[in-house]
Amino acid sequence: MKPILLTISLAACTAEPLGGVATSELNLYADVTRDQAGTVDVLVELGTYDAALDKNYVYLEPDDRLTAIADTRSEDLDQSGPVLGVVQYRAALATVTAGSQIAIELDRAATGETLISEGAFPEPLAIDAPSSITRTAGLQVSWTGGEGAEDVEVTATADCARISTLRAPLEAGSLIVTRD
């Protein structure tokens, strides 16, 4: 019987306080999703990029403020982490309309600087997909609407099946998810 070698690698990112980072060196990543009821989930990561470490997360100092703003709603983002160096900020905004502008605003207490990242929600998609599929057939998904978006991302998953994620340009109007 041959021995089995199992190697487990645990990687950790680095996190540093915002006070040690120039505003011009900051990168803000925001994942903003809106559900059918209009509730918007905002997930933000602040960081810098280092050739050796790839990404360094940044956490706020006590008087710094990170806020999500849409329509007349505004919500401070709550910090999660650092856990293994990963720092994320999250908030939810209720009843945001399609087509609304959303802004993520970072106010730095120590420097008085403000960093703002903003964008608009595209119009909702009308999606047509089968209610059931077989293991041997591909899954065709088509859509209309979505003006203001560039791409559509479709993720297919099921119990005991591999997750498949595909992207297509909005104007394509459809894509087929094939079985791997």
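In this predicted model, strands β11, β12 and β15 line up in that order to form an open sheet of three strands, paired in the antiparallel sense. Its edges are β11 (125–128) and β15 (174–177), each of which pairs on one side only. From one strand to the next, the twist averages 20°. Within this sheet, strand β12, spanning residues 139–145, is joined to β15 by four bridges in an antiparallel arrangement. A handy landmark for anyone following along in the structure is V141, whose bridge partner in β15 is L175.

A further open sheet contains four strands in the order β6-β5-β9-β10, again with antiparallel pairing. Here β6 and β10 (114–120) are the edge strands, each pairing on one side only. Neighbouring strands of this sheet are turned against each other by 15° on average, direction ignored. As a general reminder, the strands of a sheet pair through backbone hydrogen bonds, in either a parallel or an antiparallel manner.

The β5 and β6 pair deserves a second look. These two strands run antiparallel and are joined by four bridges. Among the residues involved, T67 has D76 as its bridge partner in β6, and A68 has E75. Together β5 and β6 make a hairpin with two residues between them. One residue of interest here is D71, found in the loop between β5 (65–70) and β6 (73–76). Although D71 is not a glycine, its phi is positive, at about 50°. D71 counts as partly exposed because its relative accessibility is 38%.

Attention can now turn to the interior. The largest nonpolar core comprises 23 residues, of which V42, L66, L77 and Y89 touch the most other members. At least two residues of this core come from each of β3 (40–50), β4 (54–59), β5, β8 (86–93) and β9 (101–107). The surroundings of L66 can be listed in full: leaving aside residues up to four places away in sequence, L66 touches V44, L46, L60, E75, D76, L77, Y89, I104, E105 and L106. E75 and D76 from this list have already appeared as the bridge partners of A68 and T67, respectively. A second core, separate from the largest one, has ten residues, including L139, V152, A168 and V177. Of these, L139 lies within the stretch assigned to β12 (residues 139–145), while V177 belongs to β15 (174–177), which brings the account back to the three-stranded sheet of β11, β12 and β15.

Technical notes. Residues are numbered from 1 along each chain as its sequence is written. This is a predicted model: local features need pLDDT of at least 70, side-chain atom pairs count only at pLDDT 80 or more; totals for chains, interfaces and linings use all residues. Side-chain values use heavy atoms; hydrogens and water are left out. Two strands pair if DSSP finds at least two bridges between them. Axes are lines fitted to C-alpha atoms, for helices over the stretch in contact, and angles run from 0 to 180 degrees between N-to-C directions. Buried means under 20% relative accessible area, exposed over 50%, partly exposed in between (1.4 Å probe, protein chains only). A nonpolar core is a set of buried Ala, Val, Leu, Ile, Met, Phe, Trp, Tyr and Cys residues joined through side-chain atoms within 4.5 Å. Contact means heavy atoms within 4.5 Å.
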